[in-house]
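Welcome! Please open your viewer, and we will walk through this model together.

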Amino acid sequence: MSSSLEYSSLESTSRWKNLPPPPGFSKTVTSTKGNSKAIAASSPTPEAYDQLKDKRAWDLAISPAKSLPMQFFMLYMSGSGVQIFSMGIIFMLLSSPFKNIAGMNEAFASFAPSASKSPKSLSTLTLQKLAYFACNLLTLGVGLWKCRSMGLLPTGTGDWLAFETRGLAPELSLL
């Protein structure tokens with residue numbers, strides 16, 4: 001027993017037939033075989049492609065700053081105690097900026113302009129790389145702030161008592 005479904009019959013009997021098509025939908029098929037100008041206009045120019053790459057490079061440059069609200073929430077939820085969960089989050093916050101900065105040229109190489117001779121050079125996309133560097137430093141600063149608030153950084157005078165020397169007593173009593 002084989003049954004087949006004919007899709008063309010569904011379109012004429014569908015209860016959704018009277019709905020308008022979605023925005024941007026065109027049921028007509030256009031052919032541009034004989035029109036070479038239409039083909040040239042539809043393909044992107046190298047300048048437009050470079051502008052798109054520049055925009056994507058800026059998106060990558062500020063991506064570390066976009067993740068900061070989630071990292072703040074994770075730090076808040078981890079608490080201020082020294083536990084394995086909070087230490088894992090701190091390790092992630094402190095190591096990811098160094099990994100990102102070390103691989104910065106490779107990350108931006110695909111966004112280099114087409115006229116660039118060396119896409120992995122530090123001088124290509126300089127402003128985007130500086131913004132990326134600053135956003136990663138901001139992430140590192142958040143991690144260090146959390147370490148300070150947990151008491152893991154030696155910031156108080158009591159943390160350095162082992163390195164201080166005691167002076168002589170001002171009086172001497174023989175009794």
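**The whole chain**

Start with the full protein chain: of its 175 residues, 19% count as buried, where buried means under 20% relative accessible area with a 1.4 Å probe, protein chains only. This is a predicted model, in which local features need pLDDT of at least 70 and side-chain atom pairs count only at pLDDT 80 or more, while totals for chains, interfaces and linings use all residues. Residues are numbered from 1 along each chain as its sequence is written, and side-chain values use heavy atoms, leaving out hydrogens and water.

Next, switch to a cartoon view: you will find 8 helices and 0 strands. Helices here are DSSP runs of H or I with at least four residues, strands are runs of E with at least two, and both are numbered from the N terminus.

Now show the surface. Its accessible area is about 13900 Å², and 64% of that belongs to carbon and sulfur atoms; the Shrake-Rupley method with a 1.4 Å probe gives this area.

**A pair of helices**

Select residues 84–102 for α6 and residues 126–150 for α8. How far apart are their axes? They lie 9 Å apart, and the helices pack at an angle of about 155°. Therefore α6 is roughly antiparallel to α8, a label for angles over 145 degrees.

Show side chains next. Among the residues making the contact (heavy atoms within 4.5 Å) are M87, I90 and F98 of α6 and F133, L140 and K146 of α8. The residues of this contact divide into 14 nonpolar, 6 polar and 1 charged.

Methods. Buried < 20%, exposed > 50% of the residue type's maximum accessible area, 1.4 Å probe, protein only. Axes fitted to C-alpha atoms, helices over the stretch in contact; angles between N-to-C directions. Parallel < 35°, antiparallel > 145°, perpendicular 65-115°, else oblique. Nonpolar A, V, L, I, M, F, W, Y, C, P; charged D, E, K, R; others polar.
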